[in-house]
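Biologist: Could you walk me through the aromatic rings in this model? I would love to look at it together.

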Amino acid sequence: MKTMVYFGSAFNPPHLGHMQCLQYLVGQPGVAKVLAGPSKAHAYGKDMAPFETRVALTRRLLELHGIDVEVSTIEADIEQPGSPVYTYDVLVALQKRYPTYTVAFGMGPDNARDFARFYRAEDIKSRFPLVVVPSMAPTRSTELRAAARSGNREELAYYTDPSLVDILIQLYR
């Protein structure tokens, strides 16, 4: 059976660290498809830019870097108003939507370190293969939002793409 890896993140904003993780997942043996999933209703209640904006920015950054990854909006499809969307529920929904694939959960080093905090972490581990991306260039969305608020164009261009700088400054100011 083919393997599809789901990489969920707030993508608030998407940045080169996300792109490196996704490129790593695309290059893994046996992986036929990779999905990037922006959070719709974050499990930890993060304050995020509008979902549709983060989806569009993620698609744009993937396109700019030529990374063959589909941006999934499944979290919007399964969201229950007023409730967070949990990774376990996303993976179950993906397995139903793509029955010819083995669904795996891809995560960066931050999520791997905190995985025990995930809702139904043991169920995820027992039901879905885990693919942990090794530590790469450290990029934090928190720092990018701060750079956007302060108008630090150089830092934003370094960690995202120069074509997104004005959008990010406008979005996070």
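Modeller: Gladly, and let us start with burial. This is a predicted model, where local features need pLDDT of at least 70, side-chain atom pairs count only at pLDDT 80 or more, and totals for chains, interfaces and linings use all residues. Residues are numbered from 1 along each chain as its sequence is written, and side-chain values use heavy atoms, with hydrogens and water left out.

Biologist: Are F105 and F115 buried or exposed?

Modeller: Buried means under 20% relative accessible area, and exposed over 50%, with a 1.4 Å probe and protein chains only. By that rule, F105 and F115 are both buried.

Biologist: How many aromatic pairs does the structure hold?

Modeller: Rings of Phe, Tyr and Trp (its six-membered ring) pair if their centres lie within 6.5 Å. On that basis, the number of aromatic pairs in the structure is eight.

Biologist: Is the pair of F105 and F115 stacked, edge-to-face or tilted?

Modeller: Planes under 30 degrees apart count as stacked, over 60 as edge-to-face and the rest as tilted. The ring centres of F105 and F115 are 6.5 Å apart and their planes stand at 35°, so the pair is tilted.

Biologist: Which residues do ring pairs link into a cluster with F105?

Modeller: Ring pairs join F105 to a cluster. Its other members are F115 and F118.

Biologist: Where does the charged end of R120 sit?

Modeller: A charge sits over a ring if NZ of Lys or CZ of Arg is within 6 Å of the ring centre and within 35 degrees of the ring normal. R117 lies over the face of Y44, at 4.5 Å from the ring centre. For R120, the charged end is 3.9 Å from the centre of the ring it sits over, that of Y88.
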